[in-house]
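Biologist: I'd like to go through this model and ask why things get the labels they do. Could you pull it up for me?

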Amino acid sequence: MSVAAPKTTKKTSTRKKAAPKPTTPWLVVVCNDPVNLMSYVVLVFKKVLGFTEAKARKHMLEVHKKGRSVVWTGERERAEAYAHTLQTWQLAAHIERSGDGR
Amino acid sequence: MEDKRLELKLPAPVVGPLLEYLLPLARETGEGALAFDPDLKAIEADFRDDWRNDLANQSQDDQTRFAAIFDTEEFRKEGIAEFGPEDCEPLLRAASALRLKLRTRKLGALADSALENGEIDFARLNKEEQTAITAYMLLASLQEIVIRHLDPSEDE
């Protein structure tokens with residue numbers, strides 16, 4: 001005996017799952033100031049951002065020579081936390097959205 | 001980090017007047033403890049006051065610790081200050097805050113390049129500026145000592 005296959009009532013969704021919205025990353029930027037010592041800035045980058053000595057020096061020199069350096073990129077909340085901590089160390093740090101370069 | 005205590009010895013006759021000059025700055029409270037105007041343009045407006053207050057409180061704590069370490073009979077008489085590893089980071093931040101305050105409030109007439117390169121004609125400064133620049137340089141020396149203590153690989 002054959003049994004007719006039941007008619008399928010399952011609707012096939014043609015809607016594709018929405019792709020996550022690409023979020024524009026936030027940048028933590030440190031600007032130059034004439035006051036803080038180079039060795040101090042290197043130490044702060046190592047302590048706050050976990051940079052190696054070489055990476056810390058590279059960013060410190062970028063701040064010194066170009067006036068600013070992007071020291072971290074990512075989600076807003078963490079960017080704010082890093083900027084706040086860098087400011088407690090008296091560095092001229094701020095956040096900006098990628099592409100909003102001042 | 002080294003966990004031994006650090007002893008700083010400075011000539012008492014020199015540091016006494018500088019201490020008297022720095023202590024009032026270090027004891028400022030509230031907004032006065034903020035050494036610079038933080039760039040909060042990208043921070044939500046509702047959050048900015050809390051952010052500034054938090055920075056001011058942190059900076060005030062650091063500068064209060066600085067004052068407590070140096071405002072002692074021993075430092076005034078002998079020029080000796082002793083502090084532990086737990087004091088190093090607050091001291092560094094406080095010294096940075098005090099240098100920023102000196103720069104904006106007392107040394108505004110000096111060019112950034114002169115300060116960065118140490119090209120300062122001491123004789124051309126007025127009395128107030130001479131005291132301020134001496135305190136400014138003393139704080140830098142203090143920072144260098146503490147940085148070497150925290151990170152012996154740092155050799156600038």
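**Why the labels fit**

Modeller: Let's start with R5(B), which sits in the segment before β1 (6-9) of chain B. Bear in mind that this is a predicted model.

Biologist: Fine. Why is R5(B) called partly exposed?

Modeller: Its relative accessibility is 45%. Buried needs a value under 20% and exposed one over 50%, so with 45% R5(B) lands in between and counts as partly exposed.

Biologist: And what does R5(B) touch, leaving out residues up to four places away in sequence?

Modeller: E82(B), F83(B), G84(B) and E86(B). Take E86(B): along the chain R5(B) and E86(B) are 81 residues apart, but their C-alpha atoms are 9.4 Å apart in space.

Biologist: What makes R48(B) partly exposed?

Modeller: R48(B) has a relative accessible area of 31%. That value is neither under 20% nor over 50%, so partly exposed is the label for R48(B). You'll find R48(B) in helix α2 of chain B, touching L40(B), K41(B) and I43(B) once residues up to four places away are left out. Its C-alpha is also 9.9 Å from that of P38(B), ten residues away along the chain.

Biologist: D62(B) is in helix α2 of chain B as well. Is D62(B) buried or exposed, and how do you know?

Modeller: Buried: the relative accessible area of D62(B) is 3%, and the cut-off is under 20%. As for partners beyond four places in sequence, D62(B) is in contact with P90(B), R93(B) and A94(B) of chain B, and with T88(A) across in chain A.

Biologist: Then which helices meet there, and how do they cross?

Modeller: Helix α3 (residues 76-88) of chain A and helix α2 (residues 45-70) of chain B have axes that come within 9 Å and cross at roughly 35 degrees. From α3(A), the contact uses E80(A), A83(A), H84(A), Q87(A) and T88(A); from α2(B), F47(B), W51(B), D54(B), L55(B), Q58(B) and D62(B). Sorted by type, these residues come to four nonpolar, four polar and three charged. The crossing itself is right-handed.

Biologist: Sticking with α3 of chain A, Y82(A) is in there too. Why is Y82(A) called buried when it still has 16% relative accessible area?

Modeller: Because buried doesn't require zero: anything under 20% qualifies, and 16% puts Y82(A) below that limit. Y82(A) touches V28(A), V48(A), L49(A) and W72(A), not counting residues up to four places away. The C-alpha of Y82(A) is 8.7 Å from that of A93(A), eleven residues along.

Biologist: What makes the backbone of Q90(A) worth a remark?

Modeller: Q90(A) isn't a glycine, yet its phi is positive, at about 70 degrees. Q90(A) lies in the loop between α3 and β3 (92-97) of chain A. With a relative accessible area of 3%, Q90(A) is buried, since the label applies under 20%.

Biologist: Which residues supply the top share of the area that chain A buries against chain B?

Modeller: First the totals: chain A and chain B bury about 2,800 Å² between them, with 57% of that on carbon and sulfur atoms. P34(A), V35(A) and Q90(A) supply 23% of chain A's part, more than any other three residues. The contact takes 32 residues from chain A and 38 from chain B.

Biologist: How many disulfides are there?

Modeller: Zero over all chains. To count, two cysteine sulfur atoms would have to be within 2.5 Å.

Biologist: Then how do C31(A) and C88(B) get their accessibility labels?

Modeller: C31(A) has 23% relative accessible area, so it is partly exposed, and C88(B) has 0%, so it is buried. The line between those labels is drawn at 20%.

Biologist: D87(B) is in helix α4 (residues 85-105) of chain B. Why is D87(B) called buried?

Modeller: Its relative accessible area is 9%, and under 20% means buried. Past four places in sequence, D87(B) is in contact with R65(B) and I69(B).

Biologist: And how is chain A put together overall?

Modeller: From the N terminus, its elements run β-α-α-β-α-β, which comes to three helices and three strands. Of its 102 residues, 43% are buried.

Notes. Residues numbered from 1 in each chain as written. Chains lettered and ligands numbered in written order. Predicted model: local features only at pLDDT ≥ 70, side-chain atom pairs only at ≥ 80, totals over all residues. Heavy atoms only, no water. Axes fitted to C-alpha atoms, helices over the stretch in contact; angles between N-to-C directions. Helix = DSSP H or I, 4+ residues; strand = E, 2+ residues; numbered from the N terminus. Left-handed = near helix turned anticlockwise from the far one by under 90°. Contact = heavy atoms within 4.5 Å. Nonpolar A, V, L, I, M, F, W, Y, C, P; charged D, E, K, R; others polar. Buried < 20%, exposed > 50% of the residue type's maximum accessible area, 1.4 Å probe, protein only. Buried area = accessible area lost by both parts, 1.4 Å probe.
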